[in-house]
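Open the model in your viewer and keep the selection tool handy. We will go from stop to stop, picking a few residues each time and looking at what surrounds them.

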Amino acid sequence: MVSAKLKILLSLTIVLALCLSSVGALACTAIYVGSDLTEDGSTMFARSEDISNSYNKVFYVSPAGNHAAGEAYSGCYGFTYTFTHDSYGYTAFSDDNGDGVGGVCPDCGGTHEHTPYQAAGTNEMGVTISATETIGGTEAVEGVDPFEDAGIEEAEIVTVLLSEAATAQEGVELLLSIYDDAGCNGGSGLFIADQNETWYIENVTGHQYIALKLSSSMAFAQPNMAIIGLIDLDDTENVIASENLIAVAQEAGSYVGDAEANTIDYVASYCSDQTANSRMVSALAYFNAETASEEPAAADYTISNVDAEGNIVPMYTNITLDHAYSIADVVGYYDIDGIASSRNLETHIFQIFPEDGATDTVEWVSMDNAGWSPFVPYYPMLTTDTYEGYQLSTEEAVFTEEEPADADIYYATTTTVRTEEGRETVEGFRALPANWADSMYWTFDALSNLVEFGNLSDEQIAEIDAQIANMQQQCYDAYAQMQTAVAEAESDEAAAEAVTAISAGAAQTVHAAAVELVNAVK
């Protein structure tokens, strides 16, 4: 029986202070699995973007030439960049600063033309970026090399690099040159890849960084923790480090390594107060329950290129997988308690195959809580547009202290407000936009909140779980249809038209099914 006015009354206590901009998204979780460890020989990496419950995210194609050569781009927080050529086209997520919110950016409050926090995407040249995992260093190293207010902020990295870079190497060199010159606004870990190589980069101070070309025989998790361990900087084919990486740690009194041998333990030198968080513990148990520890040491999860005898070796971690991974295993990773979360805005999985062509990269897209939202496949280099339900700009979810009288969907929650005495927790309700059912994000936000915090029976939750599994299988079937369509297409244009339609059809199907689920539950 369908309720005319569905009221999601939830017992949820969260602090809804948005962890945005320079504060960053503090509960994101990434994964990397090299091609030697996967069933189909693809390299897979992924990231959940976690900021807040009920905070709209859109997914679309930024067309080629969206930024013109010579254009001065102004981001959210003072960083500016002048484009050297007309921008490449690319897929992108972005926070919603569209017509639904009057063009006001939810990050910085600005109304100037910009794309707030494009979290990930692939451009027409085959460059893929996922940015970023927010991380930080000790007060000592940040004191020696402080962040720059006008440095590049994680919200701007994808916009600049996917617009400009034709290869992963170009993307790495461009980002590191910005770190050298303008500096950065905050610490992060991020991926830059193409069909030839995948790079992982960390920085936790204003100008110091380390970039690693990842090997095909390694796996790791990154849940807002620095994960680069002992590195020999003489491995110049696979390591790019800032000039003063060792010197800054030495000045801070925290350097761990052998300066004469040009080695540094990055975590120990820059993040010495770091301990494994609960998501790292869960991730290691997911990889291999038999070898996982409840209190992992840094050596259990960090990346190194130095063996026990001090020799340079291919990048590795001490993580072992208990079987070869498929796309379903990475989808399952984002269903782990603590990683799947009501704070998920979106989760993206990239599969990159070694072929040099328009289908060597597959982008799998899930909106809101990845535990209750299927991943829809896209060939990003062939996709000309995304399903319209991903692109809807809406009003924000509204917090009120009084129970809403006319909201279709709302839930009980708390928020924090600033007072003269400091911060105060206020109880109330958060109401979703009236047109929630037209939006992929808001539909799955409604479903997630209902499942996670609503008063549903075990039978109801089991039925929703089964329906989500069915949606995911439909998405796997859609990917198979995309592969067939490309193989049978007589031209690149025909292939692009076919796969764009298949992806949109899959998204529309799961969207409609999710709306029906929400409307069917009192």
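Start by selecting β10 and β11, which form a hairpin with six residues between them. As you look, keep in mind that this is a predicted model. Strand β10 covers residues 198-203, and β11 covers residues 210-213. The two strands run antiparallel and are joined by four bridges. To find one of these contacts, pick isoleucine 201: its bridge partner in β11 is alanine 211.

Now add β9, residues 188-193, to the selection. This strand is also tied to β10 by a hairpin, here through four residues. β9 and β10 run antiparallel, with six bridges joining them. Show the side chains of isoleucine 192 and tryptophan 199, and you will find the isoleucine standing opposite the tryptophan of β10.

Stay with β10 for a moment and switch on a surface. Is this strand mostly covered or mostly open? It is mostly covered, and six of its six residues are buried. Turn the strand to check each face: Thr198, Tyr200 and Glu202 are buried on one side, and Trp199, Ile201 and Asn203 are buried on the other.

Asn203 leads to the next stop, as this residue helps to line the second largest cavity. Select the rest of the lining too: Ile152, Glu153, Glu154, Ile157, Tyr179, Cys184, Gly186 and Ser188. Ser188 brings you back to β9, whose residues are 188-193. The space these residues enclose has a volume of about 30 Å³, and the model has two cavities of 30 Å³ or more. Colour the lining by class and you will get four nonpolar, three polar and two charged residues.

From a closed space, move on to an open one. The largest pocket has a volume of about 450 Å³. Which residues should you click to reach its centre? Of the 22 residues that line this pocket, the closest to the centre are Tyr60, Asn97, Glu113, His114 and Thr115. Two elements each give two or more residues to the lining, namely β3 (57-62) and β6 (90-95). β3 gives the most, with three residues. Colour this lining by class as well: four residues are nonpolar, 14 are polar and four are charged.

Next, travel to a sheet of three strands. Select β13, β16 and β15, an open sheet in the order β13-β16-β15 with antiparallel pairing. Its edge strands, β13 (230-232) and β15 (257-258), each pair on one side only. Zoom in on β15 and β16 (residues 263-265), where two bridges link the strands in the antiparallel sense. There, glycine 257 stands opposite isoleucine 264 in β16.

For the last stop, select β22, β24 and β23. Here is another open sheet of three strands, ordered β22-β24-β23 and paired in the antiparallel sense. Which strands lie at its edges? They are β22 (398-400) and β23 (410-419), each pairing on one side only. Rotate the view to look across the strands: on average, neighbours in this sheet are turned by 45° against each other, direction ignored. Finish with β22 and β24 (residues 422-431), which pair over three bridges. Click valine 398, and opposite this residue you will find alanine 431 in β24.

Definitions and conventions:
Residues numbered from 1 in each chain as written. Predicted model: local features only at pLDDT ≥ 70, side-chain atom pairs only at ≥ 80, totals over all residues. Heavy atoms only, no water. Buried < 20%, exposed > 50% of the residue type's maximum accessible area, 1.4 Å probe, protein only. Pairing = 2+ DSSP bridges. Axes fitted to C-alpha atoms, helices over the stretch in contact; angles between N-to-C directions. 1 Å grid on protein atoms, 1.4 Å probe; cavity = no way out; pocket = protein on both sides within 12 Å on 5 of 7 lines; lining within 4 Å. Points joined across faces, edges and corners; volume = space filled by probe spheres on them. Nonpolar A, V, L, I, M, F, W, Y, C, P; charged D, E, K, R; others polar.
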